[in-house]
Protein chains: 2
Amino acid sequence: MHCDPIGTVSTPFETTGEAPPQGFQGDAEGVVRVREEFAAGLSGFDAPSVVIVWWADRADRSVLTLDRDPSRGVFTSRSPARPNPVCLTECTVLAVDDRRLRVRGVDMADGSPVVDLKASVRDRLDRS
Amino acid sequence: MHCDPIGTVSTPFETTGEAPPQGFQGDAEGVVRVREEFAAGLSGFDAPSVVIVWWADRADRSVLTLDRDPSRGVFTSRSPARPNPVCLTECTVLAVDDRRLRVRGVDMADGSPVVDLKASVRDRLDRS
């Protein structure tokens with residue numbers, strides 16, 4: 001299964017170790033920049049929040065158990081270190097401007113590739 | 001960015017079109033089977049829910065806007081049709097048995113590849 005990034009995300013964190021364990025535990029702001037060929041995917045975006053699916057490109061993919069508790073596997077956690085380092089961060093949307101999404105609540109390392117953007121389940125239920 | 005599936009998920013649905021739009025809107029049960037080489041990743045799993053990150057391998061990856069409303073892009077939705085068809089379903093865990101996780105609230109097509117399993121944010125906050 002192969003993914004090409006649809007964009008990247010800028011954050012204040014050089015590594016995920018500097019970020020809060022979950023983005024909403026802090027109030028750091030970031031910017032998602034969608035690549036030009038995927039810009040139409042952002043048309044009509046007006047939701048108050050967004051799920052950012054990103055790729056922890058510096059994560060150790062060989063790890064199967066947690067450093068802090070080797071009796072627990074990585075699938076019991078949300079740590080970026082895991083066989084397929086696809087990470088999920090639900091952020092508050094501050095502004096949408098063409099191909100840029102300014103968001104609050106980021107926890108990615110700066111420059112991380114973005115795999116996908118999704119409506120949050122909560123917002124979808126409000127709409128439907 | 002390349003992923004190898006960590007397992008597959010069995011569900012009652014031949015296609016995603018037969019499933020509820022979001023799994024928790026129904027009560028369909030499914031089984032995640034983790035591949036042997038990733039079994040350690042499930043060690044100590046005892047949470048009441050799990051986020052299943054799966055790959056919609058039959059989705060149309062060329063779609064950028066919604067069929068039902070072409071003024072809206074796929075990134076405003078949770079439809080499986082999108083450039084990188086990584087989908088998220090939070091399920092209730094019914095049983096954990098070695099490398100198998102029996103869950104309620106599935107919405108995947110039967111046999112879909114599983115990319116990752118994660119603790120839900122809600123459960124993590126309860127623990128920490």
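This note comments on chain B of a predicted model, on its contact with chain A and on the symmetry that relates the two chains.

1. Relation of the chains. A turn of 180 degrees, with a shift of 0.0 Å along the axis, lays chain B on chain A with an RMSD of 0.0 Å. That is the relation of a two-fold axis. Among the residues of chain B, B:His2 comes closest to the rotation axis, its C-alpha lying at 2.3 Å.

2. Extent of the interface. Chain A and chain B each bring 39 residues to the contact. On the chain B side, at least two residues come from each of strand 3, strand 5 (69-73), strand 6 (86-97), strand 8 (112-118) and helix 1 (121-127). The most is given by strand 8 of chain B, with five residues. By class, the side of chain B that touches chain A consists of 22 nonpolar, 11 polar and six charged residues.

3. Surface used by each copy. The interface residues of chain B are also interface residues in chain A to the extent of 100%, so the copies meet through the same surface.

4. Setting of strand 8. This strand of chain B deserves a separate comment. Six of the seven residues of strand 8 of chain B are buried, so the strand is largely enclosed by the rest of the structure. The criterion for burial is 20 or more other C-beta atoms within 10 Å of the residue's own.

5. Pairing of strand 8. Strand 8 of chain B pairs with strand 1 (residues 7-10) of chain B in the antiparallel sense, over three bridges. In that pairing B:Thr8 has B:Pro113, in strand 8 of chain B, as its bridge partner. Strand 8 of chain B also runs antiparallel to strand 3 of chain B, to which four bridges join it. B:Leu117 in strand 8 of chain B stands opposite B:Ile52.

6. The loop residue B:Ala40. B:Ala40 is placed in the loop between strand 2 (29-34) and strand 3 (49-55) of chain B. With 18 other C-beta atoms within 10 Å, B:Ala40 is partly exposed, because that count falls between the limits of 12 or fewer for exposed and 20 or more for buried. When neighbours within four places in sequence are left aside, B:Ala40 is in contact with A:Leu64, A:Thr65 and A:Gly73. As for position within chain B, B:Ala40 and B:Asn84 are separated by 44 residues in sequence and by 27 Å in space, C-alpha to C-alpha.

Technical notes
Residues are numbered from 1 along each chain as its sequence is written. Chains are lettered from A and ligands numbered from 1 in the order in which they are written. This is a predicted model: local features need pLDDT of at least 70, side-chain atom pairs count only at pLDDT 80 or more; totals for chains, interfaces and linings use all residues. Two residues are in contact if their C-beta atoms, placed from the backbone, lie within 7 Å. Ala, Val, Leu, Ile, Met, Phe, Trp, Tyr, Cys and Pro count as nonpolar, Asp, Glu, Lys and Arg as charged, and the others, Gly among them, as polar. Two strands pair if DSSP finds at least two bridges between them. Copies are superposed by least squares on the C-alpha atoms of residues with pLDDT of at least 70 in both.
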